[in-house]
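Colleague: I have the model open and would like to go through it with you. Could you start with how you use the word contact?

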Amino acid sequence: MPFEPRDQFEQRQKKLQQIQALGLNAYPHEFRWTDTAGELATQFGASSGADLEANRRKVRVAGRIVSLRLMGKAGFAHLQGAGKRIQIYVKKDVAGGRGFELFQLLDLGDLIGVRGHLFRTKTNELSVWAEEIYFLSKALLPLPEKWHGLTDVEMRYRQRYLDLIANEKSRDVFVTRARIIQELRRFFDARGYIEVETPMMHPLPGGAAARPFKTHHNTLDLDLYLRIAPELYLKRLTVGGFDRVYEINRNFRNEGISTQHNPEFTMLEFYEAYSNYGDLMDMNERLFADLAKSITGSTVVRYGEVDLDFGRFERLTMREAIVKHWPDAAGAAPRIAELAAPGGPRATAERYNVWAKNSGAPYAASKGRLSDGEWTGLLFEAMAEDKLVRPTILYEFPTDISPLSKQKADDPSVTERFEIYVAGMEIANGFSELNDPIEQERRFRAQVAQGGDEMPKQIDWDYIRALCHGMPPAAGEGIGIDRLTMLFTDSPSIRDVILFPQLRPEAPSNPEQGSNP
RNA sequence: GGGCCGGUAGCUCAAUGGUAGAGCAGCUGACUCUUAAUCAGCGGGUUGCAGGUUCGAGCCCUGCCCGGCUCACCA
């Protein structure tokens, strides 16, 4: 089993045997603690040495040894537990001969428990006066360097446990992520929603346009797809009378990996009967402002070089966004009416592309013959999407690219759909749900006819059947939890907010053969 | 998939084409209030992999592997 570094691994195994030779169980089954390092710091951070001496507060603390200073017949160490540190002071004539022998055998990284009382050192650091040490578990491998920590990003992702030990900031990101999810649950629970779980394995991939992962169930001899979205199942539940439902779970999309994409990512999706997209847009403004405030303490959140104010959303229709962010150098900006007119989006996109190709800007690349709506979406992505830095609600999406959304009553070329953009990233996508089965069937048929890797190959007839039983008017939305966490933790990459992001496997290495990569 | 950048001791990093180094970690010893503890000494390397150029390659060239950024892709 030896791992690198061999010499230290073997040295630590030797110490493990010496600890066992003291008559101790090297891997005991439990330790009864009374306090964590963090609790002690908050509770007694202000207590003076005299106070502590008068009360002799008894404590039992556990943690990992992250620093160790041995001085003959006494020594100091810092224990790290639950992300915080507490110093312990071990004296031979207090901890006893055998206790001190154990202390001398400890390595950085070992897990121990300590019984003693609180006091302050000469330099006034809150510490535990160790009366007894309990060995809890051995670290056979050394910790990353104590001062610089672990900076190698590949190792931080592959061996996240080391990153979490060595880098407090990394730990904080994942604590914040958990708090965000807690707050979201609170928000929706308080509004009468119930949380549900729908299938992760779908016989037909649906609810989004994306390439799915495929798998197979042996007993049923059935091909299944990891879900690309829970949408169609959640809406079936609104048919069933769950008027307010949400689900927080993973989606899987077999597509590229980038700083904003991981093959599996976490989505909050929710549906609210009897509301429309306008209600949802209003609710989102409250939700994001509340969330920013409870997570970061302010509605203004620093992200990289910019301040994002979640207390003030901008609202733009997709057509308005194209007009607003039209580059001056590309000539006169199109008028809204032009973008709404038949053939207008294509003509505008072609005009934009002439400029973009000359100036090296991203251009609206067409894949075959496109409809007006597709041109509009493409043009928006090419020229406006990354300009939406401040929190923005973009609404009125072309019907052609919104197969599950309800059309606007006075303009069927667009739907009652919106997306939330922050820092140039798509964070959320919601709309008034299309609940007319006949129109839904028409849209599905159009998708199947269009073809392509990301389009459904078959119509989900059970979904149509569910709509035929009557789905209430409803609005629904998905919020990307990973990207949301990026914003609230100032993380530039989605890999920084996913504990174990997808990477290529390490080069095959078998420790039993002693060959190490 | 394209472009750019990177991979040197367990970790963090050095090293004009000319003997592969430092700090931390480790080992031995000293030390009963240290905190990047200190002091004295010691060990540690197939420089990602495989070729090539050269008297000589960590450094130059080619291919490959892994990672990062970016573009494309991903409504």
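Modeller: By contact I mean heavy atoms within 4.5 Å. Please keep in mind throughout that this is a predicted model.

Colleague: Fine, then what is serine 491 in contact with, leaving aside its neighbours within four places in sequence?

Modeller: With those neighbours left aside, serine 491 is in contact with Val173, Tyr303, Met486, Asp496 and Val497. Serine 491 lies in the segment after helix H17, and its side chain makes a polar contact of 2.8 Å with the side chain of threonine 489.

Colleague: Is serine 491 buried or exposed?

Modeller: Serine 491 has a relative accessible area of 4%, and because buried means under 20%, it counts as buried.

Colleague: And serine 493, what does that one touch beyond four places in sequence?

Modeller: Serine 493, which is also placed in the segment after H17, is in contact with Tyr157, Thr259 and Met486 once its neighbours within four places are left aside. Serine 493 is buried too, with a relative accessible area of 7%, and its C-alpha is 8.7 Å from that of arginine 483, ten residues away in sequence.

Colleague: What about aspartate 490, what is its phi?

Modeller: Aspartate 490 has a positive phi of about 55 degrees, although it is not a glycine. Aspartate 490 is found in the segment after H17, the helix of residues 481–489, and at 37% relative accessibility it counts as partly exposed.

Colleague: Which way does phi usually go, and what about peptide bonds?

Modeller: Most residues other than glycine have a negative phi, and most peptide bonds are trans. Tyrosine 274 is another case of a positive phi, about 70 degrees, in a residue that is not a glycine. Tyrosine 274 is found in the loop between strand E11 (264–273) and helix H10 (277–296), and with 57% relative accessibility it counts as exposed.

Colleague: Where is there a cis peptide bond?

Modeller: The bond from glutamate 4 to proline 5 is cis, with omega near -5 degrees, and proline 5 is found in the segment before helix H1.

Colleague: Changing topic to the RNA, how many residues surround strand B?

Modeller: RNA strand B is surrounded by 52 residues, of which the closest are Thr123, Lys146, Ala209, Glu255 and Glu381. Of the atoms of RNA strand B that come within 4 Å of the protein, 61% belong to sugar and phosphate.

Colleague: Which backbone atoms come close to the bases, then?

Modeller: A polar backbone atom of leucine 70 is 3.1 Å from a base nitrogen of RNA strand B, and a polar backbone atom of isoleucine 401 is 2.7 Å from a base nitrogen. For lysine 122, a backbone N or O atom lies 2.7 Å from a base oxygen of the RNA.

Colleague: Which element gives the largest share of the surface near the RNA?

Modeller: The largest share, five residues, comes from helix H6, while H1, E1, E2, E3 and H6 each supply at least two residues of that surface. By class, the surface near RNA strand B has 20 nonpolar, 13 polar and 19 charged residues.

Colleague: Now helix H2, which of its residues are buried?

Modeller: In helix H2, residues 37–44, the buried ones are Ala37, Gly38, Leu40 and Phe44. Seen down the axis of H2, these buried residues fall within an arc of 165 degrees, so they line one face of the helix. They pack against helix H3 and strands E1, E2, E3, E4 and E5.

Colleague: And strand E12, which of its side chains are buried?

Modeller: The side chains alternate along E12, with Val301 and Tyr303 buried and pointing to one face, while Val300 and Arg302 point to the other and are not buried. E12 pairs with strand E13 in the antiparallel sense over four bridges, and valine 301 has leucine 308 of E13 as its bridge partner. Two residues stand between the strands of this hairpin, where glycine 304 takes a positive phi near 60 degrees.

Colleague: Last one, what is the strand order in the open sheet of three strands?

Modeller: The order is E7-E9-E8, with antiparallel pairing. E7 and E8 stand at the edges with a single partner strand each, so one side of each is left without a neighbour in the sheet. E7 and E9 pair over two bridges, and histidine 202 has tyrosine 225 in E9 as its bridge partner.

Notes. Residues are numbered from 1 along each chain as its sequence is written. Chains are lettered from A and ligands numbered from 1 in the order in which they are written. This is a predicted model: local features need pLDDT of at least 70, side-chain atom pairs count only at pLDDT 80 or more; totals for chains, interfaces and linings use all residues. Side-chain values use heavy atoms; hydrogens and water are left out. Buried means under 20% relative accessible area, exposed over 50%, partly exposed in between (1.4 Å probe, protein chains only). The arc is that of the directions from the helix axis to the C-beta atoms. Two strands pair if DSSP finds at least two bridges between them. A residue is near a molecule or strand if one of its heavy atoms lies within 4 Å of it. A polar contact is a pair of N or O atoms within 3.5 Å; within protein, one must be able to donate a hydrogen and the other to accept it, and residues adjacent in sequence count only if both atoms are side-chain atoms. Ala, Val, Leu, Ile, Met, Phe, Trp, Tyr, Cys and Pro count as nonpolar, Asp, Glu, Lys and Arg as charged, and the others, Gly among them, as polar.
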